[in-house]
Amino acid sequence: MAELIVRQGSASVTELAESFGVSVMTVHRDLDELERQGMVRKVRGGVTAQASNVWESNIAYRRQAHAAEKDAIARVVAGLIEPGSSVMLDDSTTALAVARRLAQMAPLTVVTNFLEAIRLLAGAPDIRLIALGGEYHATHDSFLGLGCVDAAQAVSTDVVVVSTSAISEQYAFHQEQEIVLVKRAMLRSGARRILAVDGSKLARVALHRVAALDEFDLVVVDSNAPAALLQRLRDHHRNVEVAPL
């Protein structure tokens, strides 16, 4: 059931009952458990894996959403990273797409709190890997909390790459304050700050402000973003790069 919801993005209770040949009551019971695990969010008449202004999607959904756009963005961002430098990555799936390209940029020092990125880069030739600890959160497959904030602030990297759930013309936003605190700490630790966001994040807001867009040296977005929204972003930020698909 979780796989179907993640694949589709959302589903109605009736659809799930028919698909799995179970009662509506059983579906509600299963959805309650999936919601408790942070996999989905129940809405009127159904369920969704998609983010809202106050709820971030589970890592399973984010990993497969807008994959082509994230890969295009990662191609641009990786091209900005010099061999021999240090780079910090947050726990976004956009940053994970960047991590997949870093082996070809080696030698590098990579700092991250994202467990999937740590697994990906562990043992990679000429990659010095520094894992930021803290409390593990399965919903994000990453380490957060005070321990992670302290660890991020204890290093200084040439580049920091972060993504956020939403950006307006002036601010980057995220739904969860623990993630906001870690992203802010990372931004303070990077000499060059890159915001990497796919077009679905534009002209949106979420509960907490992460940072003003002026704090980023570069914003990278994909070419599938609506032209009008890209122009509004360019009107308010001095350095926007569009990644072609």
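The following paragraphs go through this predicted model from the overall fold down to a few individual residues.

At the level of secondary structure, the chain contains 10 helices and 15 strands. Its C-alpha trace extends over about 60 × 40 × 30 Å along the principal axes. For a chain of 245 residues, a compact globule would be expected to have a radius of gyration near 18 Å, and because the chain has 18 Å, its value agrees with that expectation.

Burial and contacts add to this picture. Of the 245 residues, 52% count as buried, and the accessible surface of the chain comes to about 10,800 Å², with 49% of that area belonging to carbon and sulfur atoms. When contacts between residues at least 6 apart in sequence are considered, 58% of them join residues that are at least 24 apart. As for charge, the chain carries 25 positive and 29 negative charges, and the mean positions of these two sets are 2 Å apart.

Turning to the aromatic side chains, the count of aromatic pairs comes to two. One of them is formed by Tyr171 and Phe173, whose ring centres are 6.2 Å apart and whose planes meet at 65°, so that the pair is classed as edge-to-face, the class for planes over 60 degrees apart. The two partners differ in their burial class: Tyr171, with 24% relative accessibility, counts as partly exposed, whereas Phe173 is buried, with a relative accessible area of 7%.

Where in the chain does Ser189 lie? Ser189 is found in the loop between helix 9, which covers residues 177-188, and strand 12, which covers residues 190-196. Although Ser189 belongs to a loop, its relative accessibility is 4%, and Ser189 therefore counts as buried, the limit for that class being under 20%. Once its neighbours within four places in sequence are left aside, Ser189 is in contact with Met88, Ala152, Gln153, Val155, Ser156 and Thr157.

Ala131 offers a second local view, this time from within a strand, since its place is in strand 6, residues 127-131. At 48% relative accessibility, Ala131 counts as partly exposed, because the exposed class requires a value over 50%. Not counting residues up to four places away in sequence, Ala131 touches Thr112 and Ile118. Across the model, the C-alpha atom of Ala131 is separated by 28 Å from that of Asp222, a residue 91 positions away along the chain.

Definitions and conventions
Residues are numbered from 1 along each chain as its sequence is written. This is a predicted model: local features need pLDDT of at least 70, side-chain atom pairs count only at pLDDT 80 or more; totals for chains, interfaces and linings use all residues. Side-chain values use heavy atoms; hydrogens and water are left out. Helices (H or I, at least four residues) and strands (E, at least two) are DSSP runs, numbered from the N terminus. The radius of gyration is taken over C-alpha atoms; the globule rule is 2.2 Å times the number of residues to the power 0.38. Buried means under 20% relative accessible area, exposed over 50%, partly exposed in between (1.4 Å probe, protein chains only). Contact means heavy atoms within 4.5 Å. Accessible areas come from the Shrake-Rupley method with a 1.4 Å probe; for residues, only the protein chains shown count as cover. Lys and Arg count as positive and Asp and Glu as negative; His and the chain ends are not counted. The place of a charge is taken as NZ of Lys, CZ of Arg, CG of Asp or CD of Glu. Rings of Phe, Tyr and Trp (its six-membered ring) pair if their centres lie within 6.5 Å; planes under 30 degrees apart count as stacked, over 60 as edge-to-face and the rest as tilted.
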